[in-house]
Amino acid sequence: MRIGPAVAVLGALAYAFLWVLAANGVSSLVAPLTVPLVLIVLVAGGLALQRFMGIPPHRARYRDSRRDPDEES
């Protein structure tokens with residue numbers, strides 16, 4: 001599945017709008033809104049650490065269900 005640039009921009013704008021609401025008094029939104037930020041920091045930090053250590057990135061490995069299972073790759 002591929003997300004288009006317009007959908008990514010709309011999602012970022014909606015996320016920013018929710019932060020504006022949280023900053024203006026809806027304090028119940030602060031905890032759920034910090035979860036994606038923490039996950040982004042953890043994933044980016046892990047990837048940076050892998051690059052720093054020289055570990056090559058892994059490609060996704062999966063079998064295509066449309067292919068014949070008897071067919072060799």
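Tutor: Let's start with a yardstick: the expected span of a helix is 1.5 Å times one less than its number of residues. Keep in mind that this is a predicted model.

Student: Okay, what makes the length of helix α2 agree with that yardstick?

Tutor: Helix α2 runs over residues 30-53, which is 24 residues, so the expected span is 34 Å. The C-alpha atoms at its two ends sit 35 Å apart, and that agrees. Right after α2 comes glycine 54, with a positive phi near 85°.

Student: How many helices and strands does the protein have?

Tutor: There are 2 helices and 0 strands. Of the 73 residues, 3% are buried. The accessible surface is about 6900 Å², and carbon and sulfur atoms account for 68% of that.

Student: Now over to α1. Why is leucine 18 called partly exposed?

Tutor: Its relative accessible area is 32%. Buried would need under 20% and exposed over 50%, so at 32% leucine 18 counts as partly exposed. Leucine 18 lies in helix α1, residues 5-23.

Student: Which residues does leucine 18 touch, leaving out those up to four places away in sequence?

Tutor: Leu29 and Leu33. For leucine 29, the C-alpha atom is 7.5 Å from that of leucine 18, with their positions 11 residues apart along the chain. Leucine 18 also turns up in a nonpolar surface patch of about 310 Å², made together with Phe17, Leu21 and Val26.

Student: Let's talk aromatics. How many aromatic pairs are there?

Tutor: The count is 1 aromatic pair. Tyrosine 15 and tryptophan 19 have ring centres 6.4 Å apart and planes at 85°.

Student: Why does it take both a distance and an angle?

Tutor: Because a pair of aromatic rings is described by the distance of the centres and the angle of the planes.

Student: And what makes tyrosine 15 and tryptophan 19 a pair, and of which kind?

Tutor: Check the distance: rings pair if their centres lie within 6.5 Å, and these are 6.4 Å apart. Then the angle: over 60 degrees counts as edge-to-face, so at 85° the pair is edge-to-face.

Student: How far apart are these two along helix α1?

Tutor: Tyrosine 15 and tryptophan 19 are 4 residues apart in helix α1, so about one helical turn separates them.

Student: Are the two buried, partly exposed or exposed, and how do you know?

Tutor: Tyrosine 15 has a relative accessible area of 25%, so it is partly exposed. Tryptophan 19 comes in at 26%, so that residue is partly exposed too. Neither value is under the 20% cut-off for buried or over the 50% for exposed.

Technical notes
Residues numbered from 1 in each chain as written. Predicted model: local features only at pLDDT ≥ 70, side-chain atom pairs only at ≥ 80, totals over all residues. Heavy atoms only, no water. Buried < 20%, exposed > 50% of the residue type's maximum accessible area, 1.4 Å probe, protein only. Areas by Shrake-Rupley, 256 points an atom, 1.4 Å probe, with all protein chains shown as cover. Contact = heavy atoms within 4.5 Å. Patch = residues over 30% accessible without salt bridge, like charges linked within 9 Å, V, L, I, M, F, W, Y side chains within 5 Å. Salt bridge = Lys/Arg side-chain N within 4 Å of Asp/Glu carboxyl O. Phe/Tyr/Trp six-rings, centres within 6.5 Å; stacked < 30°, edge-to-face > 60°.
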